[in-house]
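Hi,

Here is the structure I promised to pass on. Have a look at it first, and then read my notes below.

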Amino acid sequence: MAKPVFEGVTVIDHPLVQHKLTIMRDKRTPTAEFRQLLREIATLLCYEVTRDLEMTTTPIETPLAEMRAPTLAGKKLVFASVLRAGNGLLEGMLDLVPAARVAHIGLYRDPKTLVAVEYYFKAPEDLADRLTIVVDPMLATANSAVAAVDRLKERGAKDIRFVCLLAVPEGIERFRGAHPDVPIYTASIDEKLNEKGYIVPGLGDAGDRMYGTK
Ligand code: PRP
Ligand code: URA
């Protein structure tokens, strides 16, 4: 069951999520398995982040009877993937909500300053009318997450949620300070950042582990 820990933060401590996350953290886990696990965990995170979506009923006819059956109502979704590693979560989210629109936000961390540098942005025009779910596996300094949400808000997004795999207290505080209206969903809150801005114990560089780069 998902538990709120910090104000505005939900930790999804489902056994399947935690088991898969442990395998992802293990440095011996190869690229293909890492990517597959990220996709699988994303479906479980998606289940939680969409738990309170508005519902309505629609008249249908089963082979036996007429009925009013539950269907989604309210705002349409857009998943906003923070490149590169966000794409791993995006795939799993789209497995569950294939009709969602997708935004891509290309950001990389300058390795010296850890400032997020934007190199790409493409999003649907009607962000103001949609629920925007931002996906990025790592919330470290939060520079990337804050920059991504800044850009989405500039483009009109108002109803935003942020989903990651790992967060640290420093990143949570910075993100919630900048965007107190955006709730965070994470599979774990790890201990700290190291001197290079990596999450400890963490899982390493998510993009490199997903794509076998370095
Ligand atoms: C990683 C990760 C986040 C960011 C988190 O991306 O996917 O976007 O770092 O760190 P922050 O909270 O300190 O900003 P990275 O910059 O390594 O780019 P990549 O996904 O292209 O490898
Ligand atoms: N980005 C990553 O990919 N890993 C970290 O630990 C921190 C930022």
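**What I found**

Let me start with one residue in a helix: Ala147 touches Leu107, Ala116 and Glu118, leaving aside residues up to four places away in sequence. Please keep in mind throughout that this is a predicted model.

Ala147 sits in helix α4. Because 18 other C-beta atoms lie within 10 Å, and 20 or more would be needed for a buried residue, Ala147 counts as partly exposed. Thr132 is 15 residues away from Ala147 in sequence, and their C-alpha atoms are 15 Å apart.

**Around the ligand**

Helix α4 (143-154) also helps to surround ligand 1, as do β5 (76-83), β6 (101-109), β9 (138-139) and α6 (206-211), each with at least two residues in the shell. The shell has 24 residues, and the closest are Arg109, Ala140, Thr141, Ser144 and Gly207. By character, the shell residues split into 14 nonpolar, 6 polar and 4 charged.

You may want to set this beside the UniProt record, an unreviewed entry. UniProt gives a "binding site" feature at Arg84, Arg109, Asp136, Pro137, Met138, Leu139, Ala140, Thr141, Ala142, Asn143, Ser144 and Asp205.

**Two residues from that record**

Leu139 belongs to strand β9. Leu139 is buried, since 28 other C-beta atoms lie within 10 Å. Its contacts, not counting residues up to four places away in sequence, are Ala145, Cys164, Ala167, Gly171, Ile172, Phe175 and Thr186.

Ala142 is found in the loop between β9 and α4. With 27 other C-beta atoms within 10 Å, Ala142 is buried too. Leaving out residues up to four places away in sequence, Ala142 touches Gly171, Arg174 and Phe175. Its backbone deserves a look as well: phi of Ala142 is near 80°, a positive value in a residue that is not glycine.

**Helix α5**

Gly171 and Phe175 come up again here: in α5 (residues 169-178), Gly171, Ile172 and Phe175 are buried. They lie on the same side of α5, because they cover an arc of only 100° around the axis. On the face turned away from that buried side are the exposed residues Glu173 and Gly177. What do the buried residues of α5 pack against? Their partners are β2 (9-12), β9, α4, β10 (159-167) and β11 (184-189).

**Strand β5 and the loop after it**

Phe79 is in strand β5. Phe79 counts as buried because it has 25 C-beta neighbours inside 10 Å. Beyond residues up to four places away in sequence, Phe79 touches Leu90, Met93, Leu94, Ala100, Val102, Ile133 and Val135. Gln36 is 43 residues from Phe79 along the chain, and 19 Å separate their C-alpha atoms.

Arg84 lies in the loop between β5 and α3 (86-96). The peptide bond joining Leu83 and Arg84 is cis, with omega at about -5°.

**Other backbone points**

Most peptide bonds are trans, and most residues other than glycine have a negative phi. A cis bond also runs from Val200 to Pro201, with omega near 0°; Pro201 is in the loop between β13 (199-200) and α6. Leu114, which is not a glycine, has a positive phi of about 65°. Leu114 lies in the loop between β6 and β7 (116-122), and is partly exposed, with 14 other C-beta atoms within 10 Å.

Best wishes

Technical notes
Residues are numbered from 1 along each chain as its sequence is written. Chains are lettered from A and ligands numbered from 1 in the order in which they are written. This is a predicted model: local features need pLDDT of at least 70, side-chain atom pairs count only at pLDDT 80 or more; totals for chains, interfaces and linings use all residues. A residue is near a molecule or strand if its C-beta atom, placed from the backbone, lies within 6 Å of it. Helices (H or I, at least four residues) and strands (E, at least two) are DSSP runs, numbered from the N terminus. Ala, Val, Leu, Ile, Met, Phe, Trp, Tyr, Cys and Pro count as nonpolar, Asp, Glu, Lys and Arg as charged, and the others, Gly among them, as polar. A residue is buried if 20 or more other C-beta atoms lie within 10 Å of its own, exposed if 12 or fewer, and partly exposed in between; C-beta atoms are placed from the backbone. Two residues are in contact if their C-beta atoms, placed from the backbone, lie within 7 Å. UniProt positions are given in the numbering used here, feature names are shortened, and annotations may be inferred rather than shown by experiment. The arc is that of the directions from the helix axis to the C-beta atoms.
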